[in-house]
Amino acid sequence: MKRFPFRYFKTSPEIVRLAVMMYIRFPLSLRNVEDLLHERGIDVSHEAVRFWWLRFGPMFAAEIRKRRVVGMRSSRWRWHLDEMFVNINGERHYLWRAVDHEGEVLESFVTKTRDKKAALKFLKKSMKRYGRPDTLVTDRLRSYGAALREIGAVDRQETGRWLNNRAENSHLPFRRRERAMLRFRRMRSLQKFASVHASVSNYFNSERSLSSRANFKKNRAAALAEWRDLCAA
């Protein structure tokens, strides 16, 4: 029998899930979440919110991936790959991201370099979890071509102006969170937050501009209902 994850916690699981969702999904600081909860009559400190997201954030993200990865077979059709710069204590790091044709962030991977070795490790990790896509859209970074050549997928690569806008636009929510958190201080914390943030963003990404108001409300309500059931038993 699976162990109940909120065992020995005095705070109700509903409050913990709400606090974790608010912190990860929206560009809020820990103290912002504390103030918003206080307005709702919930008295917790920002340090409690920090502990909850560190403890339960990866658990929630893993459960989300487990539920969604089976239904994401269409993601093998077309991937958009891109890397973004992230400064940690004045040192430049690279956050590699694989995004499917519908805007779902499949994988986030942090490295200190963006050479062939880093690109190869990122591609192998992504393909091991989601399988090989039919098409890989990248920029003109030579590391992609070298890595794809080694795994025998260079014929699936596409490069071109504006072709990779899907991946470029997917960086925006993470950049907003990065500013709210006043940047990252360790590579490990960046990797942890990027993975959790990607899963939660996918969960609540309803493509508001592509659906009617009625459908958007139904999808949002369904996402919230499923979120409340995460690790419920």
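Student: Why is N89 called exposed?

Tutor: N89 has a relative accessible area of 61%. Exposed means over 50%, buried means under 20%, and partly exposed is in between (1.4 Å probe, protein chains only), so N89 goes into the exposed group. Keep in mind that this is a predicted model, where local features need pLDDT of at least 70, side-chain atom pairs count only at pLDDT 80 or more, and totals for chains, interfaces and linings use all residues. Residues are numbered from 1 along each chain as its sequence is written, and side-chain values use heavy atoms, with hydrogens and water left out.

Student: What makes the phi of N89 worth a look?

Tutor: Its sign. Most residues other than glycine have a negative phi. N89 has a positive phi near 55° without being a glycine. N89 sits in the loop between β1 and β2, a hairpin with two residues between the strands.

Student: Where else does a residue other than glycine have a positive phi?

Tutor: At Y8, with phi near 75°. Y8 lies in the segment before α1 (13-25). Y8 is exposed too, because its relative accessible area is 66%.

Student: How do you know that β1 and β2 pair?

Tutor: Strands count as paired if DSSP finds at least two bridges between them. β1 (residues 78-88) and β2 have ten, in the antiparallel sense. As an example, D82 faces R97 in β2.

Student: What makes β2 and β3 a pair?

Tutor: Six bridges join β2 to β3 (residues 105-111), again running antiparallel. Y94 has T111 of β3 as its bridge partner. The two strands form a hairpin with four residues between them, and G103 in that turn has a positive phi of about 90°.

Student: Why is β2 described as mostly covered?

Tutor: Eight of the ten residues in β2 (residues 91-100) are buried. For the whole chain of 233 residues, 45% count as buried.

Student: Why is A147 called buried?

Tutor: The relative accessibility of A147 is 0%, so A147 meets the buried cut-off. A147 lies in helix α5 (residues 142-150). Leaving out residues up to four places away in sequence, A147 touches K116, A119, L120 and L123; a contact means heavy atoms within 4.5 Å. A147 and L123 are 24 residues apart in sequence, yet their C-alpha atoms are 7.9 Å apart in space.

Student: What makes N164 buried or exposed?

Tutor: At a relative accessible area of 7%, N164 is buried. N164 lies in the loop between β5 (157-159) and α6 (165-180). Among the residues that N164 touches are H80, D82 and T138.

Student: How do you know that the chain has eight helices and five strands?

Tutor: They're counted as DSSP runs: helices are H or I with at least four residues, strands are E with at least two, and both are numbered from the N terminus. In order along the sequence, that gives α-α-α-β-β-β-α-β-α-β-α-α-α.

Student: Why does the radius of gyration agree with a compact globule?

Tutor: The rule is 2.2 Å times the number of residues to the power 0.38, with the radius taken over C-alpha atoms. For 233 residues that puts a compact globule near 17 Å, and the chain has 19 Å, which agrees. Along the principal axes, the C-alpha atoms fill a box of roughly 55 × 45 × 40 Å.
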